[in-house]
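Welcome! Keep the structure open beside you and work through the exercises below one at a time.

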Amino acid sequence: MKKLVTLAIILCFAAGGGLVYLRVAEDHTAPEISYSDTIVYSDGMTEEELLEGVIATDDEDGDVSDTLTVERVVTNSDEARATVIYVAKDSHNNIAKVTRVIDYDMEEETETEEETEPETVTVKTSAVQSEADTETEDTDTDTTGMTDTMAQESESETQVQTESEEELAEDAPRITLKQTRVTIQIGDSFEPTDYVDSITDDYDNKYTLWRRIQIEGNYDTSIAGIYQLVYYVTDTSGNSSNRATLLLIVEDEDEG
């Protein structure tokens with residue numbers, strides 16, 4: 001009987017030792033992600049370019065750089081830097097995630113905006129002046145006619161916007177506005193982004209896209225007139241969205 005008890009005790013110790021060994025042998029350590037090269041982020045950079053010089057190593061698997069991916073890229077509010085999030089994993093599915101802040105180069109995008117703006121503003125300035133002259137010479141009935149003309153122009157622009165969206169590539173972002181025309185009085189506050197309804201993309205999230213909204217056109221809420229603003233967004237892969245148009249009408253309180 002004593003021999004059986006002794007044997008049972010020995011077996012229990014052996015089983016317990018095996019469990020302890022298995023627990024110790026389990027791998028709970030995530031890989032380490034490191035980088036040495038200095039890079040500058042610019043719109044349209046590929047994941048391959050963002051991963052240049054980045055490596056991931058694991059204490060058991062060794063080099064696991066082939067698992068590296070870029071989870072997301074977010075441009076910082078100062079528009080001078082961008083935050084890149086790298087992810088890697090080992091064979092035991094231990095996941096490592098590292099955040100890296102790099103410089104953000106907006107020079108090319110700014111130059112494009114400066115080249116595009118004068119053409120847009122010049123065309124709209126002529127239209128505004130022509131309508132302003134007509135309003136001065138004609139009666140209140142003419143003012144009503146001008147409003148109808150503006151409504152027709154707005155509907156036309158909406159049709160152009162819809163056609164533009166249909167021609168976009170599948171991986172291009174989409175931007176839609178809450179309305180195509182807004183009327184305010186001289187001196188009223190106006191925030192252009194308040195009229196953005198939705199921004200969607202097959203890769204970037206809304207937070208990333210919101211920081212990349214571009215608006216072409218000038219306006220002055222202290223001067224009565226009609227101003228055209230064109231909205232679009234470019235995702236982190238360099239794909240440009242449709243161009244959505246908003247007419248801003250600034251009226252003088254004394255008119256009408």
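The exercises that follow go from the whole chain to single residues.

This is a predicted model, in which local features need pLDDT of at least 70, side-chain atom pairs count only at pLDDT 80 or more, and totals for chains, interfaces and linings use all residues. Residues are numbered from 1 along each chain as its sequence is written, and side-chain values use heavy atoms, with hydrogens and water left out.

**Exercise 1. Describe the chain as a whole.**

Step 1. Start with the secondary structure: the chain has five helices and 13 strands. Helices (H or I, at least four residues) and strands (E, at least two) are DSSP runs, numbered from the N terminus.

Step 2. Turn to burial. Of the 256 residues in the chain, 33% are buried; buried means under 20% relative accessible area, exposed over 50%, and partly exposed in between (1.4 Å probe, protein chains only).

**Exercise 2. Find the largest nonpolar core and say which strands build it.**

Step 1. Know what to look for: a nonpolar core is a set of buried Ala, Val, Leu, Ile, Met, Phe, Trp, Tyr and Cys residues joined through side-chain atoms within 4.5 Å.

Step 2. The largest such core has 19 residues, and I33, Y41, L50 and Y86 have the most contacts inside it.

Step 3. At least two residues of this core come from each of β3 (54–58), β5 (69–75), β6 (81–89) and β7 (95–105). With four residues, β6 gives the most.

Step 4. Now look at Y86. Leaving aside neighbours within four places in sequence, its contacts (heavy atoms within 4.5 Å) include I33, L50, V54, V70 and V98.

Step 5. Another core, of 18 residues, lies apart from this one; I184, Y227, L229 and V233 are among its members.

**Exercise 3. Compare two of the aromatic pairs.**

Step 1. The structure holds four aromatic pairs. Rings of Phe, Tyr and Trp (its six-membered ring) pair if their centres lie within 6.5 Å; planes under 30 degrees apart count as stacked, over 60 as edge-to-face and the rest as tilted.

Step 2. Y41 and Y104 form a tilted pair, with 5.6 Å centre to centre and 35 degrees between the planes. Y41 belongs to strand β2 (residues 40–42) and Y104 to strand β7, so the pair ties together parts 63 residues apart in sequence. Both Y41 and Y104 are buried.

Step 3. F190 and Y219 are edge-to-face, at 5.1 Å centre to centre and 85 degrees between the planes. F190 is buried, with a relative accessible area of 10%, whereas Y219 is partly exposed, at 33%.

Step 4. Widen the view: ring pairs link F190, Y195 and Y219 into a cluster.

**Exercise 4. Work out the strand order of an open sheet.**

Step 1. The open sheet of three strands runs β1-β3-β4, with antiparallel pairing. Two strands pair if DSSP finds at least two bridges between them.

Step 2. At the edges stand β1 (32–35) and β4 (62–63), each with a single partner strand, so one side of each has no neighbour in the sheet.

Step 3. Two bridges join β3 to β4, and T57 has D63 in β4 as its bridge partner.

**Exercise 5. What is the phi of N93, and where does this residue lie?**

Step 1. N93 has a positive phi of about 60 degrees, although N93 is not a glycine.

Step 2. Its place is the loop between β6 and β7.

Step 3. Finally, N93 is exposed, with a relative accessible area of 55%.
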